[in-house]
Structures are given as C-alpha cells and as structure tokens.
Amino acid sequence: MNRIEAAFAKQKKVFIGFITAGDPSLAVTKELVLTMEKAGCGIVELGIPFSDPVAEGIVVQRADTRALAAGTTTDKIFDLVAELRKETQVPLVFLTYANPIYTYGADRFFAKCEETGVDGVIIPDIPYEEREEMLPYSRPHHVAVVPLVAPTSRDRIQKISAVAEGYVYLVSSLGVTGVRENITTDMEAIVKEVRKTAKVPCAVGFGISTPEQAKKMAAVSDGAIVGSAIVKIVEAHGEDSPRYVYDYVKEMADAVKEAAK
Amino acid sequence: MTKGRYGIHGGQYLPETLMNAVLELEEAYEHYRNDPDFLAELHRLYREYANRPSLLYYAKKMTEDLGGCKIYLKREDLNHTGAHKINNVLGQILLAKKMGKKRVIAETGAGQHGVATATGAALMNMECVVYMGSEDCERQKLNVFRMQLLGATVVPVESGTGTLKDAVNEALRVWTARCEDTFYVLGSCMGPHPYPAMVRDFQKIIGEEIRAQLQEKEGRLPDYVLACVGGGSNAIGAFYDFIKEPEVKLIGVEAAGLGVDDPKNAATISNGSLGIFHGMKSYFLQDEYGQIAPVYSISAGLDYPGIGPEHAYLHDIGRVQYVPATDAEAVEAFNYLSKTEGIIPAVESAHAVAHAMKLAPTLPKDKIMVINLSGRGDKDVAAIARYMGVDLHE
C-alpha cells in the first residue's frame with residue numbers, strides 16, 4: 001500500500017491541505033508541513049511556484065510570486081522533500097503546471113519525485129487528452145498523477161476517473177482557486193459519476209474555507225482540499241504562520257473527521 | 001499524438017474546466033469552416049465592413065531609395081480598425097453568434113485586437129470585456145478609450161509584468177469562471193487547438209489576396225514575403241498561401257527589444273526553448289526551471305514570450321526564416337516609412353519594414369518583396385514621441 005492509499009485507508013475522510021513551497025521561505029514550508037500533519041492533515045499538497053499559474057486565484061498567484069522572488073526552484077523543493085522524508089511519512093503531492101515539469105524533463109522530474117519521496121503530482125494544464133505527456137514517465141517511477149474533474153466535465157467524468165491515480169481532485173466550482181461563500185455545484189451527483197469508474201478515492205477542493213463547508217464536502221466524497229484559506233494565513237503571518245495554520249488546520253481536519261462518523 | 005499538432009507543437013493543454021468549452025468550439029468550427037453560408041457571410045463582412053481586399057501598394061520611392069528589389073506593401077493598415085486583427089475577429093464573432101453566445105472576452109497587447117473585438121461585438125450586439133496588461137493600458141491609452149467608446153469594458157491586468165501574457169492569463173482565468181456563456185476571442189494563432197488553426201484560417205485571406213493582386217500586377221509570385229511575428233497571426237495569414245510554393249521565401253521578424261543579447265527582448269525563436277504554456281507546446285522565452293521570462297519590446301503587440309505552434313513547426317522544418325529586429329531598428333523604420341512613403345506603420349509592422357531595409361538593398365532589381373504592413377501607426381505616435389524624447393501630451 002502506498003502512502004496515499006494508506007492515508008485514505010486510515011482516516012476514511014481525509015483533510016488535504018495546500019501550501020506554496022517557498023512562501024515565505026523553504027524553512028517555513030518545512031515547518032508548515034510538519035505542523036499541518038500534527039494538526040490532522042492527512043495529505044499535504046505542495047505547490048511548485050510558477051510564474052503564470054492560470055488555474056489559480058489571486059491568493060495563490062501572490063504566494064507563487066513571493067516564493068519565486070525568494071529564490072525558490074524545483075531543485076530546492078526536491079531538497080526540501082528529501083529533508084522532510086527524514087521526519088515524516090505524510091503523503092506529499094506536488095501541484096504545478098506542465099511547463100516546470102516539461103522543462104525540467106518529465107523523466108528526470110518523476111525520477112527525482114521517486115528518489116526524494118513525492119507520492120503524487122497534480123498538473124492543472126494537463127487534461128485527459130494530453131496525459132501521455134506525463135504518464136509514460138510518472139508510472140515507471142510510481143508517482144500518481146492526480147486528475148481533476150470539474151463541474152463542466154459531464155460526459156468526461158467516467159473516462160477521466162477510470163485512469164485516475166492517487167485520488168480524483170473534484171473541482172467544486174467554475175473559475176480559479178480561491179475562497180467562496182457558497183458552493184452551488186451538485187457534488188453528490190458528480191461523485192456518483194466518478195465512483196462508477198474510479199479505483200481511487202475522490203476529494204473536493206476549490207472554494208472551501210469554513211469547517212461547515214469542509215464537513216459537507218467530505219461527507220459526500222472522501223475528503224476536502226483547502227488551499228487559498230491556508231495560504232492567506234501564511235501571507236498574513238509569514239514566519240510566524242505555523243501556529244496560526246495549526247489552529248486553522250486542526251479545526252478543519254476535525255470537521256472532516258466528523259464527516260466520517 | 002493528440003489533435004491540433006504541427007510537428008511536435010500545438011495540442012490542448014488546458015485546465016479540465018475549459019475542456020468541454022474548447023471541444024464545443026472545435027466542433028462548431030469544424031462544422032462552419034466549410035459551410036457555404038458561413039463563408040458567404042464572412043466574406044460579405046470582409047468586403048463591406050472591413051474594407052477588403054486591402055490594397056497591394058507598390059512602394060516606388062522606397063524601392064528606388066533602397067536601390068534593390070521591388071517592394072510592395074500589403075496594406076492591412078487600411079482595414080477597418082486599422083490592422084489585420086479585424087479579419088480574425090469577424091470570423092470568431094460570427095462563429096460565436098452561430099454558437100448562440102451573447103458575451104465575448106478578449107486579451108489585447110497593443111490594443112488592436114481589443115479594438116477589433118469591441119468593434120465586432122458592437123456590430124453583433126454582444127457584451128464585450130477586454131483584458132489588457134496595466135503597463136500596456138498606459139502605453140496605449142488611446143486604444144483603451146477607443147474600446148470604451150465602442151461599448152466594451154476594459155479590465156487592466158496588474159499581475160506579472162502587466163503585458164500581453166498576463167492579459168492572456170487573466171482571460172483564461174475569467175473564461176474558466178464563465179465558459180458556459182462566454183466565447184473567448186483569442187487574438188493570435190496561438191493557444192490550445194482549435195485556435196491556432198482557426199485564427200490562421202481567418203487570416204489566410206491576406207496571402208490569398210497578395211497572390212491574386214501580384215499576379216495581376218506582375219504576372220507572378222513574390223520572391224519574398226515579410227511579416228512581423230509576436231504570436232504570429234498576421235505572419236501566418238500572409239505566409240499560409242505560399243507555404244506550398246518553395247520558391248517564395250518567407251521571413252518572420254521578431255521583436256528583439258534592446259537586442260537579442262540583452263535580457264530585454266521578445267525574440268522567441270532566437271532565444272527561446274521548447275515548453276508548454278497557454279494551452280500549447282511551442283517555443284517560449286523561459287528560464288531553466290520553466291518560469292516564463294518577463295519579455296520586453298517597444299511594441300506592445302510583439303511583447304509576448306511565445307510564438308504560435310505552426311510558426312514553431314515552420315521554423316523546425318526550415319520553411320520560414322525568423323530574424324530579429326531591435327527597438328532602435330523598428331523606430332528607424334517607423335520614421336523612414338512615414339517620411340519616404342507617407343505611411344505611418346504600426347510599430348509592430350515597422351519591425352518587418354526594418355528587416356526589409358536591410359535585405360532589399362542586397363537583392364537584384366528583378367526580385368519582388370512583399371511586406372505585410374499589418375497595422376497603422378496612429379496608436380504609436382505618443383509612444384514613439386516618448387522614445388525620441390519628445391514631450392507630447394495626448
């Protein structure tokens with residue numbers, strides 16, 4: 001059983017937290033990952049910052065800009081993962097765009113993921129049609145490519161889910177990442193479609209910031225993914241952010257556990 | 001290999017949320033591209049609204065002054081709205097109408113594509129929102145106001161470098177939020193399939209007209225066709241009909257800003273490397289980690305870190321030669337054409353003129369060169385004045 005499978009097997013409903021690596025520094029990122037795990041985060045998504053993150057709202061865009069300005073690079077993030085793996089077995093999933101992987105060399109990138117202990121990768125601008133750009137390189141290195149399913153996916157849901165690895169990332173709303181007051185999409189109906197073909201769990205992300213939303217989304221799926229709300233705390237508190245992030249993640253992770261009951 | 005490929009370039013690298021929107025667009029485009037009624041309506045708009053065919057003008061004074069080959073100018077600057085951009089916009093807006101869309105969005109660099117889209121939207125009764133980098137809004141204030149006069153909303157994009165690529169990023173983000181009722185009118189032969197093919201098809205009339213007009217005037221094909229290249233829509237439009245004629249040399253001129261060896265340039269073929277960005281695989285200006293470079297050119301329309309995938313392929317197979325021209329060379333050409341022929345070119349098109357000024361004197365008098373004059377320079381007068389140190393208030 002790999003680390004992602006183990007997380008879902010152990011917790012049933014998993015809280016997944018996202019932060020941008022290198023925001024405000026890689027040292028703080030390391031502390032944040034360990035803190036989030038302690039607070040109940042079952043999987044940590046680490047953003048490799050990109051100059052032009054077209055799927056991100058303004059909060060994560062700003063985090064990417066800060067991280068890049070601080071000198072964060074893909075190689076330094078791999079070093080961070082290697083460091084983290086000495087202290088934790090929490091599943092780590094990268095979120096980045098096609099270009100940083102393609103330019104690094106997909107084979108070299110996924111080999112490095114395997115070597116340092118990265119469990120999965122989410123690539124928003126690699127849709128089902130272009131999956132061959134990554135899968136021939138990710139599979140031999142046992143790195144899961146986590147696909148996204150959107151409210152507009154309709155007839156595409158089953159084929160995407162059928163080849164999903166790790167988990168299926170269910171996008172709750174149209175648009176980019178960011179906090180939303182209301183999520184109006186019928187997630188239950190989408191989850192039902194996903195489960196017809198998926199061999200892996202599914203978790204809902206985009207727009208979730210309150211414990212109520214997290215509990216509700218985890219109740220209809222296998223987990224809740226929260227990014228912008230955590231990144232906002234990092235933005236506000238910088239180096240002091242771990243203790244604030246702990247409190248927030250604890251509350252959110254507890255709400256997700258509630259959904260498992 | 002997936003759809004929409006030019007060699008290894010092209011593809012559909014988009015967030016899942018947008019995939020059904022581009023597939024729907026692809027289906028509609030496949031349906032209408034050869035539909036006689038659609039084409040008849042488009043060509044009626046070209047003729048009666050956009051002022052096509054644009055003139056092919058023999059630049060006699062320039063020819064004599066440079067003392068080499070015979071030079072013709074394809075006068076896309078005389079189109080309605082002042083640039084080739086209207087050709088593509090009329091095609092896409094007509095398609096949007098057929099698809100039942102009532103709202104269009106667009107990105108713009110110099111503002112020419114934004115003005116063309118705002119114009120088409122006014123004509124077809126559609127709501128129009130244009131995304132424009134904040135830096136470009138500043139450089140092209142007149143075009144911002146022009147779009148507003150046409151009834152469009154212009155949204156300045158502050159993120160990144162505040163230029164064309166950031167405007168594309170924002171248009172993609174906004175499209176993700178409203179893909180179900182909004183048609184994205186992309187301004188160049190770039191982005192995910194079907195845009196590069198669709199934009200080329202709506203622009204290829206430029207080359208088709210050059211062929212027919214030169215046949216009438218000279219009874220033969222041109223020896224050289226020159227065009228400036230940012231994303232590459234005016235160039236692909238001018239080149240496409242000649243790709244199958246190996247004796248016609250095709251030259252794309254990129255914006256080299258302060259020089260190809262200076263970090264401040266936008267010369268993608270000279271300095272770029274393979275990447276995946278804005279929905280396509282192509283060449284991009286980027287660092288070793290795939291971070292897109294902040295590019296620079298005096299021309300807001302060429303200030304883009306990538307190039308359309310078909311150009312990338314035409315470069316790979318050696319069918320088109322891509323060369324750089326600097327800000328200084330473009331400004332010199334801008335002044336030269338204004339004084340020599342009484343034609344003020346867009347600073348984008350001035351890049352093509354700049355290369356022609358180097359090449360023409362080296363060619364024999366019996367050779368024929370066509371420069372695609374993609375737009376007019378009224379919008380650039382203030383920026384050129386600033387460049388030349390003239391204190392001018394609009």
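Is A:Phe109 buried or exposed, and what is its relative accessible area? In this predicted model, A:Phe109 is buried, with a relative accessible area of 1%, and its surroundings make a convenient place to begin.

The ring of A:Phe109 pairs with that of A:Phe94: the two centres are 6.1 Å apart and the planes stand at 50°, so the pair is described as tilted. Because A:Phe94 belongs to strand β3 of chain A and A:Phe109 to helix α6 of chain A, the pair ties together parts that are 15 residues apart in sequence. A:Phe94 is likewise buried, with a relative accessible area of 1%. Ring pairs also extend the picture to a cluster made up of A:Phe78, A:Phe94, A:Tyr104, A:Phe109 and A:Phe110.

The strand that carries A:Phe94 can be followed next. In a regular strand the side chains alternate between the two faces of the sheet. In β3(A), both faces are covered, with A:Leu92 and A:Phe94 buried on one side and A:Val93 and A:Leu95 buried on the other. Strand β3(A) pairs in the parallel sense with β2(A) over four bridges, and A:Glu45 stands opposite A:Val93 in this arrangement. Three bridges join β3(A) to strand β4 (residues 120-122) of chain A, again running parallel, and here A:Val93 stands opposite A:Gly120.

A:Phe78, a member of the ring cluster, leads to helix α4 (residues 74-84) of chain A, whose buried residues are A:Thr74, A:Ile77, A:Phe78, A:Leu80, A:Val81 and A:Leu84. These residues lie on the same side of α4(A) because they cover an arc of only 155° around the axis. What covers them includes α2 (26-38), β2 (43-47), β3 (92-95), α5 (98-104) and α6 (106-116) of chain A.

Chain B offers another aromatic pair, formed by B:Tyr58 and B:Tyr72, which is tilted, at 5.5 Å centre to centre with 45° between the planes. This pair links distant parts of the chain, with B:Tyr58 in strand β3 (residues 56-58) of chain B and B:Tyr72 in strand β4 (residues 70-75) of chain B, 14 residues apart. At 29% relative accessibility B:Tyr58 counts as partly exposed, whereas B:Tyr72, at 3%, counts as buried. B:Lys70 lies over the face of B:Tyr58, at 5.1 Å from the ring centre.

Elsewhere in chain B, an open sheet of four strands has the order β1-β2-β12-β11, with antiparallel pairing. Its edge strands, β1 (5-6) and β11 (273-277) of chain B, each pair on one side only. Within this sheet, strand β2 (residues 9-13) and strand β12 (residues 279-284) of chain B pair over two bridges in the antiparallel sense, and B:Gly10 has B:Lys281 in β12(B) as its bridge partner.

How values were computed:
Residues numbered from 1 in each chain as written. Chains lettered and ligands numbered in written order. Predicted model: local features only at pLDDT ≥ 70, side-chain atom pairs only at ≥ 80, totals over all residues. Heavy atoms only, no water. Buried < 20%, exposed > 50% of the residue type's maximum accessible area, 1.4 Å probe, protein only. Arc of directions from axis to C-beta. Contact = heavy atoms within 4.5 Å. Pairing = 2+ DSSP bridges. Phe/Tyr/Trp six-rings, centres within 6.5 Å; stacked < 30°, edge-to-face > 60°. Lys NZ or Arg CZ within 6 Å of the ring centre and 35° of its normal.
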